[in-house]
Amino acid sequence: MSKLVIVESPSKAKTIQKYLGKGYEVVASNGHVRDLPKARLSVDVKNDFKPKYSIIKGKEKLVKELKEAAAESDGVLLATDPDREGEAISWHLAYILGLDENAPDRVTFNEITRTGVEEGMAHPRAIDLDLVNAQQARRILDRLVGYTLSPFLAKTIRPRLSAGRVQSVAVRMIVDREEEIKAFVPQEYWTIDAKLTAPPSKAVFAAAFYGDENGEIKINSQEESDKLFAELEKEDFLVTAVKKGKKNRSPAPPFITSTLQQEASRKLGFQARRTMKAAQELYEGVEIEGMGSIGLITYMRTDSLRISEDAIKDATAYIEERWGSKYLPSKPRHFKSRANAQDGHEAIRPSTISLTPDQVKSSLTSDQYKLYKLIWERFIACQMANCVMNTTQATINAGRYIFKASGFNVTFEGFTTLYEESKDEEEKAGKDLPPLEEGMKLKVKDLKGNQHFTQPPPRYTEASLIKTLEENGIGRPSTYAATISTITTREYVTREGKAFKPTELGEVITKLMKERFPKIVNVKFTAQVEDELDAVQRGDEDWVETLRKFYEDFDKTVQKAKKEMDGVKIKLKEDETDVICEKCGRRMVVKVGRYGKFLACPGYPECKNVKKIVNDTGAECPKCGGKIIQRKSKKGRVFYGCSEYPKCDFVSWDPPSKEKCPVCGKTLMQKKSKDKTLYCVTPGCTFPGKRPAEEDEG
């Protein structure tokens, strides 16, 4: 007989089985096996909020197999993920399998490597009930809010709407930002910029108008700019002060969950869900050629900047070997986590420093490689020496007026030779100034007044939204991907490029929530609830009392809103289309139903005509001459097919172009690659370009 080890995912089970070998059987629970049923509230609010858990639908067979395996084993070890959620899954498994929750049956792995697994197995412990209770409290709290507010919204606005404790705040932030943008009144201002040279050097450098000896002068109109300009044209430009210095730039700390999501959004264009999917795969284990299955990164749900001393030593050795000792700081770097960090795990780092991205590239998917490279480079860079720059600041007088110029040059690239952190708003790159000395007369190559207008605050991108949520203590990094997915899927917000814009539905819901449930969408109140959940996790607060304190006030607010809004129906605007109803001649409107958007006649109930929404590309099917329309696969991927399906089976992942084939006259398709190559799909056509192999939906 052998010991049974239960983890969450099959890929993780496979990797751990390799390290444990004979004497152990590693199986997967595939996430949660027991939860609050979806069909009802499943929380007894009158009996200390007792949850009514049941086996998740569809997992009955798996639970039966786990029970049988446990009965035949020498013992059970619960090795689910090392966080609140993982602790709760282990607790549910212990209940189902009849295990003692106080027995040392719980093991955790910070990294899925031989060392990490052996370390975890050597330190079994009892299930941490404080962690479990914190997760239970969060789950029940979210259930109470969602299952209470969602029916209210559905009755007041339209069916199948949802509200959530974190998602509603996220939508409010996006709506509030849009209102700021709409209310913003641009203010005109002007700058005067000079292009100068310092003979005999021919190098041109820029200097910006500052003011005079009394301080900065703001230029608010063209009239003011022209008046200054007229004076400046008559003056000589003289260097009156030169200040030289040295600046050190330090590397960014290693990733935590939120910063990984932000940087992957900025650098790779990954949405948070995509980032976490690839990170989970890298943590659980990937088949590396010549090495077998190995976990490439440490646990990816963490808010701690702590790094193990062994990892620092390995990084130091690698840096010294590759770049030399001058690329090492005077002493190893340690980073301080923020005040409310749980500090349960290390920062996200490569589990084996010597496995470079290039070494494992051939064994990884494109997403896995890009994310591993990002994590690996960020971690190595955080243990490298500063980037050193010489800086120059010059004060230039033109009569009584002052211009300023600044520049820098890098004297030692340090960590920037490997990695530089991206910013939401990229800084303008400067350059070095030519040699300048006090009293030097400069030659004016160009003098120009430029009109500007102040800009409204930018819309939130995924990166900036996650950053703001974290800074305000809203939700937790592990929940951000799900929150963003929910608010976009339910069409409370849409994406315009990388930015979020609220829909009319999102604005209407937010307005109602602010009027009727101000605490639920209040940033500070939501952050306070998170702090209380953290206190439960630390064992400082009772989870039932935390729920009771929240629910008493919440329930009163709900009952008041229901009473005052009884019979009130908020009507959304219906988007009119140019599609004519063939039954009555009216213009059809867009409605939202159980299965998404559809066209309906506004003459309902007299006219009940409805239609599917067809996204016509305007291109002809190269196979039969029908229309090419945009469709979505079961997994939500956009593809293109013939409107005559099933009579015509033409289908393509690539979009049609507006061009016709010069050889056969059929529609040319366009590859999604950067070069957007056009190609013909007609069999036997000699037009340059080949039809790419059909891509599997996977």
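## A charged patch and two open sheets

Glu25 is partly exposed, with a relative accessible area of 37%. That value comes from a predicted model. Patch members need over 30% relative accessible area, so Glu25 passes that cut-off. Its partners in the negative surface patch are Glu65, Glu68 and Glu72. Along the chain, Glu25 belongs to strand β2, which covers residues 24–28.

Now to two sheets. Strands of a sheet pair through backbone hydrogen bonds, either parallel or antiparallel.

One open sheet has four strands, ordered β23-β24-β25-β26, with antiparallel pairing. Which strands stand at its edges? They are β23 (615–620) and β26 (651–652). Each has a single partner strand, so one side of each is left without a neighbour in the sheet. Within this sheet, β23 pairs with β24 (residues 627–632). Asp616 faces Ile629 of β24 across that pairing.

Another open sheet has three strands, in the order β27-β28-β29, and again the pairing is antiparallel. Its edges are β27 (656–660) and β29 (678–679). Both have a single partner strand, so each has one side without a neighbour in the sheet. Strand β28 (residues 667–670) pairs with β29. Here Met669 stands opposite Tyr679, a residue of β29.

The table sets out the two strand pairs.

| Strand pair | Sense | Bridges | Opposite residues |
|---|---|---|---|
| β23 and β24 | antiparallel | three bridges | Asp616 and Ile629 |
| β28 and β29 | antiparallel | two bridges | Met669 and Tyr679 |

Key. Residues numbered from 1 in each chain as written. Predicted model: local features only at pLDDT ≥ 70, side-chain atom pairs only at ≥ 80, totals over all residues. Heavy atoms only, no water. Patch = residues over 30% accessible without salt bridge, like charges linked within 9 Å, V, L, I, M, F, W, Y side chains within 5 Å. Areas by Shrake-Rupley, 256 points an atom, 1.4 Å probe, with all protein chains shown as cover. Salt bridge = Lys/Arg side-chain N within 4 Å of Asp/Glu carboxyl O. Lys, Arg positive; Asp, Glu negative; His and termini not counted. Charge placed at Lys NZ, Arg CZ, Asp CG, Glu CD. Buried < 20%, exposed > 50% of the residue type's maximum accessible area, 1.4 Å probe, protein only. Pairing = 2+ DSSP bridges.
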